[in-house]
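Biologist: Could you walk me through this one, starting with whatever we need in order to talk about burial?

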Amino acid sequence: MVLQRQSSGHLIVVIGAGPAGIFATRKLVESGHTVVLVNRDIKPGGLAEYGIYFNKHKMKEGIRKQFRTILSSPDVHYVGHVRIGEKADLRLSELQAILQPSATIIAVGAQGTKYLGIPGERMPGVYHAKDVVYHYNLLPPFSGFHFDFGQRVAIIGIGNVMVDVAHYLVHEKRVAEVIVIARRGPRERAYSDAEIKAISANIDGESLRRELERIRARLQIYGQSLESLYDELMKYKDVPAKEGTSPTRVTFQYLSMPVEIVAGSFGHPTTVIVEDTELYKKEGEPFLFPRNLGTRRAIAVDSVVFAVGDEVDEALGIPFEAGIYPTNPSPDPEHPGDEQYQLYDPVKQTVMEGMFCVGWSRKASDGVVGKTRQDAERGVVAVNHYLQRVQPGSSDQIAEKLTRLRQALQIRGVQYVEYPAVQLLERLEQQEAERRGLEFFKLATSHQMLEAIRSGQIKPTE
């Protein structure tokens with residue numbers, strides 16, 4: 001089914017073709033608007049394509065089918081392999097000058113790197129979960145990165161992304177030990193039962209008992225039973241992983257705040273220094289929070305992976321403050337809630353006219369595909385409220401603007417792709433998977449993808 005409707009005359013630019021951008025596009029088309037969807041990558045999908053663990057084929061394909069319907073609409077103009085930013089293929093201001101849209105939606109996700117501000121966190125051998133996830137999901141250029149994990153890998157964080165990285169280290173890299181370091185306690189873990197099953201058989205039960213005993217006094221203050229906690233954490237220990245067995249042992253260091261990463265003689269990590277934490281209740285808050293006790297311990301490691309969330313990209317060309325794109329701090333008197341999606345310039349102290357953000361660009365690392373979809377759809381409501389006072393254009397003007405965009409990209413030598421090229425690439429990769437007897441096949445570099453699109457085939461050596 002192809003999305004169709006009566007035209008409103010409005011052209012909307014959406015930057016980013018992940019779940020937020022694509023689901024926002026669907027609601028925009030349903031509202032009668034034409035959308036130019038600009039994407040950094042050749043393929044659309046964002047975290048749905050490159051963030052979900054690579055062997056979850058049915059889940060990914062189910063999401064792709066929804067995206068294909070949206071992207072096949074004649075009112076959606078996909079322009080992929082175009083980087084937007086201050087030092088990229090096009091500045092955001094240049095794109096807007098060419099297309100003169102009625103509104104612009106930023107849906108690029110959280111592509112910045114979040115640091116904790118501790119000594120040693122930027123040395124070689126300290127990695128970030130996003131980069132690792134992009135690597136094993138074959139997103140260029142991350143697909144070509146080298147990760148020197150060694151045998152003892154510490155992962156900072158205790159959410160589903162930690163589990164995904166541990167999954168990869170346990171079953172693909174088969175390292176000797178994965179050490180999960182968490183500021184909070186075991187009851188405050190943020191991963192789901194569905195995800196942890198992939199590595200549950202590798203959790204070292206004896207080590208876990210010792211760790212729970214180490215923090216017994218700090219847990220019992222809140223009536224937490226070590227025995228029930230142990231049973232919760234180990235309840236899937238007999239569930240076999242899809243990939244079979246692995247020699248990797250998974251251990252945990254709870255109530256532990258990393259404060260320094262120490263390098264060895266070769267400049268790579270050898271030790272993570274942590275401070276013990278305790279849990280306490282903030283007044284009026286339902287959750288327990290960690291605070292440092294000051295006592296320090298050393299944990300031997302070969303590498304470190306931060307899985308503590310991400311922040312937005314400060315080089316996009318819009319105001320950036322404390323890891324986020326600021327939104328309107330004043331409630332919208334006519335449409336309460338719209339202000340959360342309206343971009344704001346804190347220097348000028350004004351709302352940015354016709355500029356909106358949705359998904360992880362609005363609230364980094366918050367939720368997965370379902371929640372991102374809801375946020376995108378709510379953002380389009382705010383856009384439609386804004387468009388009520390904007391004069392629309394015409395279909396002829398939209399066609400002329402698209403021609404100017406293509407010409408500008410060609411002049412700059414940008415090898416952009418439109419949606420028919422993506423469809424061809426998907427068919428070629430599916431044919432190659434069938435030829436090799438695989439569940440899926442992906443080309444790993446942009447050059448290979450562009451060459452396959454150009455030639456209409458995948459070379460046997462790739």
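Modeller: A residue counts as buried when its relative accessible area is under 20%, and as exposed when that value is over 50%. Please keep in mind throughout that this is a predicted model.

Biologist: Fine. Is Val-13 buried or exposed, then?

Modeller: Val-13 has a relative accessibility of 1%, and because the cut-off is under 20%, it counts as buried. The residue belongs to strand 1, and, leaving out residues up to four places away in sequence, it touches Val-36, Leu-95, Leu-99, Pro-101, Ala-103, Thr-104 and Ile-105.

Biologist: And how far is the C-alpha atom of Val-13 from that of Val-38?

Modeller: Those two C-alpha atoms are separated by 7.5 Å, although the residues are 25 apart along the chain.

Biologist: Which strands form the open sheet that has strand 1 in it?

Modeller: That open sheet has six strands in the order 3-2-1-4-14-13, with mixed pairing. Its edges are strand 3 (76–79) and strand 13 (342–345), each of which pairs on one side only, and neighbouring strands are turned against each other by 30° on average when direction is ignored.

Biologist: How do strand 13 and strand 14 run, and how many bridges join them?

Modeller: They run antiparallel and are joined by three bridges, strand 14 covering residues 350–357; within that pairing, Asp-345 has Thr-350 of strand 14 as its bridge partner.

Biologist: What does helix 4 lie across?

Modeller: Helix 4, residues 92–99, lies across strand 1 (11–15), strand 2 (34–38), strand 4 (103–106) and strand 14, and it runs at about 160° to strand 1. The same helix also meets helix 12 (residues 395–411), where the two axes come within 8 Å and cross at roughly 140°.

Biologist: Why call that pair oblique?

Modeller: An angle must be over 145 degrees to count as roughly antiparallel, and 65 to 115 would be roughly perpendicular; the crossing of helix 4 and helix 12 at roughly 140° fits neither, so they are oblique to each other. On the helix 4 side the contact is made by Leu-95, Ile-98 and Leu-99, and on the helix 12 side by Lys-401, Leu-402, Arg-404, Leu-405 and Ala-408.

Biologist: Now the nonpolar interior: which residues touch the most other members of the largest core?

Modeller: In that core of 51 residues they are Leu-28, Leu-37, Leu-71, Tyr-78, Ile-105, Phe-356 and Val-417. For Leu-28, the contacts beyond four places in sequence are Ile-12, Val-14, His-33, Val-35, Ile-105, Val-380 and Val-383. Another core, of 46 residues, lies apart from it and includes Ala-129, Ala-198, Val-250 and Leu-288.

Biologist: I'd like to look at acidic side chains too. Where is Asp-89, and is it buried or exposed?

Modeller: Asp-89 sits in the loop between strand 3 and helix 4, and because its relative accessible area is 16%, it is buried. A polar atom of its side chain lies 2.8 Å from the backbone nitrogen of Arg-83, and its contacts beyond four places in sequence are His-81, Val-82, Arg-83, Arg-412 and Val-414.

Biologist: What about Asp-375: which side chain does its own side chain join in a polar contact?

Modeller: The partner is the side chain of Arg-362, with a polar contact of 2.6 Å. Asp-375 lies in helix 11 (residues 369–387) and counts as buried at 12% relative accessibility. Beyond four places in sequence, Asp-375 is in contact with Tyr-341, Val-358, Gly-359 and Arg-362.

Biologist: Switching topic, how is the sheet with the order 9-10-11 paired?

Modeller: It is an open sheet of three strands with antiparallel pairing. Strand 9 (256–263) and strand 11 (288–300) stand at the edges with a single partner strand each, so one side of each has no neighbour in the sheet. The twist from one strand to the next averages 20°. Strand 10 (residues 269–281) pairs with strand 11 over ten bridges, and Glu-278 has Arg-291 of strand 11 as its bridge partner.

Biologist: Last one: in which sense do strand 7 and strand 8 pair?

Modeller: Strand 7 (residues 177–181) and strand 8 pair in the parallel sense, over five bridges, with Ile-181 opposite Gln-253 of strand 8. Strand 8, residues 249–253, is mostly covered, as four of its five residues are buried.

Notes:
Residues are numbered from 1 along each chain as its sequence is written. This is a predicted model: local features need pLDDT of at least 70, side-chain atom pairs count only at pLDDT 80 or more; totals for chains, interfaces and linings use all residues. Side-chain values use heavy atoms; hydrogens and water are left out. Two strands pair if DSSP finds at least two bridges between them. Helices (H or I, at least four residues) and strands (E, at least two) are DSSP runs, numbered from the N terminus. Axes are lines fitted to C-alpha atoms, for helices over the stretch in contact, and angles run from 0 to 180 degrees between N-to-C directions. Contact means heavy atoms within 4.5 Å. Buried means under 20% relative accessible area, exposed over 50%, partly exposed in between (1.4 Å probe, protein chains only). A polar contact is a pair of N or O atoms within 3.5 Å; within protein, one must be able to donate a hydrogen and the other to accept it, and residues adjacent in sequence count only if both atoms are side-chain atoms. A nonpolar core is a set of buried Ala, Val, Leu, Ile, Met, Phe, Trp, Tyr and Cys residues joined through side-chain atoms within 4.5 Å. Angles under 35 degrees count as roughly parallel, over 145 as roughly antiparallel, 65 to 115 as roughly perpendicular and the rest as oblique.
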